[in-house]
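Here is a quick tour of the empty space in this protein and of how some of its helices pack. Keep the structure open beside you as you read.

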Amino acid sequence: MVTLADSSPAEGLKDAELSKSDRRRQLILDTAREIFLKEGYAAASMSAIAARVGGSKGTLYNYFRSKEELFAAFMMDVCGKQAEAFLDHMPDLGDDPHAALVEIGFGLCRLVMSPQVMAISRLVVAESERFPELGQVFYETGPQRGELRLSAHFERAIAQGHLKPADTMMLARRFKSLCLGDLFDRRLWGVIPDPTPAVLEDSIGEAVTIFLAAFGTRPAA
């Protein structure tokens with residue numbers, strides 16, 4: 001049995017160093033977020049981020065091997081917790097597939113059209129022609145993860161008899177496209193303000209009706 005008296009000073013120092021390292025990493029991510037969103041990906045440099053954090057560029061590279069890796073970590077830091085909270089609590093289609101899919105679609109739209117995610121989306125659109133790797137990093141870090149989780153969710157729905165057998169990745173992409181519809185594009189372009197819950201519910205309800213008409217196993221209500 002290990003007691004407090006048994007703990008060595010070295011173990012206490014190790015815990016303290018780990019905490020310090022975590023705080024440093026978060027400071028780097030917070031600084032990178034500010035610089036990426038204000039100056040863009042191209043103008044942001046590892047040297048500038050290191051200078052703002054306070055330290056050498058070499059120290060920054062101990063945490064992130066490249067600007068691309070730092071950008072991926074920044075996106076996960078900004079969006080990851082929101083995405084996981086949504087993806088971990090998607091309801092089963094159960095007795096009311098329409099209601100369950102509306103709930104999933106609503107969560108998806110609120111996530112994708114949140115101010116932070118929209119800011120990253122605009123940054124990627126603006127920079128990806130000059131930096132194609134940026135679009136790839138964005139896709140793999142964000143949308144692809146969501147598609148894979150939604151695909152697995154639909155695979156269970158097919159096994160339970162709620163959806164027709166189909167390529168579940170295709171189902172995930174069709175569902176996402178229908179739910180986001182033209183609202184996402186118009187929000188991305190700044191044509192409309194953040195959609196109200198009522199606007200989202202109407203749009204998503206229609207999208208779910210179309211989705212179930214094509215892929216559901218029950219007659220439309």
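A cavity here is a set of grid points where a 1.4 Å probe fits but cannot get out, and its volume is the space filled by probe spheres set on those points. Bear in mind that this is a predicted model.

## The enclosed space

How many cavities of 30 Å³ or more are there? The count comes to one, and the volume of the largest cavity is about 40 Å³.

Look for its walls at Arg24, Ile28, Ala50, Val53, Gly54, Gly55, Ser56, Thr59 and Leu60. Three helices, α1 (9-43), α2 (46-53) and α3 (57-63), each put at least two residues into that lining. By class, the lining is made up of four nonpolar residues, four polar ones and one charged one.

## The open space

Now for the largest pocket, which holds about 640 Å³ of space. It's lined by 30 residues, and those closest to its centre are Val112, Val117, Phe138, Gly142 and Pro143. As for character, 21 of the lining residues are nonpolar, five are polar and four are charged.

Which helices build this lining? At least two residues apiece come from α4 (67-87), α5 (97-112), α6 (115-127), α7 (132-141), α8 (143-159) and α9 (168-188). The largest share belongs to α4, with eight residues.

## Where α7 meets α8

Two of those pocket helices, α7 and α8, also pack against each other, with their axes 3 Å apart and an angle of about 30° between them. Angles under 35 degrees count as roughly parallel, so that's what to call α7 and α8.

On the α7 side, the contact uses Phe138, Tyr139, Glu140 and Thr141, while α8 brings Pro143, Gln144, Arg145 and Glu147. That gives three nonpolar, two polar and three charged residues. Phe138 and Pro143 turn up again here, having already appeared among the residues closest to the pocket centre.

## Where α5 crosses α10

Roughly parallel or oblique: how does α5 run relative to α10? The pair packs at an angle of about 130°, with axes 9 Å apart, and α10 covers residues 197-215. The angle therefore makes α5 oblique to α10. The crossing itself is right-handed.

From α5 come Pro97, His98, Leu101, Val102, Gly105, Phe106, Cys109 and Arg110. They meet Pro197, Leu200, Glu201, Ile204, Gly205, Val208, Thr209, Phe211 and Leu212 of α10. Sorted by class, this contact has eleven nonpolar, four polar and two charged residues.

Methods
Residues are numbered from 1 along each chain as its sequence is written. This is a predicted model: local features need pLDDT of at least 70, side-chain atom pairs count only at pLDDT 80 or more; totals for chains, interfaces and linings use all residues. Side-chain values use heavy atoms; hydrogens and water are left out. On a 1 Å grid over the protein atoms alone, a cavity is a set of points where a 1.4 Å probe fits but cannot get out, and a pocket is an open set with protein on both sides within 12 Å along at least five of seven lines; lining residues have an atom within 4 Å of a point. Helices (H or I, at least four residues) and strands (E, at least two) are DSSP runs, numbered from the N terminus. Ala, Val, Leu, Ile, Met, Phe, Trp, Tyr, Cys and Pro count as nonpolar, Asp, Glu, Lys and Arg as charged, and the others, Gly among them, as polar. Axes are lines fitted to C-alpha atoms, for helices over the stretch in contact, and angles run from 0 to 180 degrees between N-to-C directions. Angles under 35 degrees count as roughly parallel, over 145 as roughly antiparallel, 65 to 115 as roughly perpendicular and the rest as oblique. Contact means heavy atoms within 4.5 Å. A crossing is left-handed if the near helix is turned anticlockwise from the far one by less than a right angle, and right-handed if clockwise.
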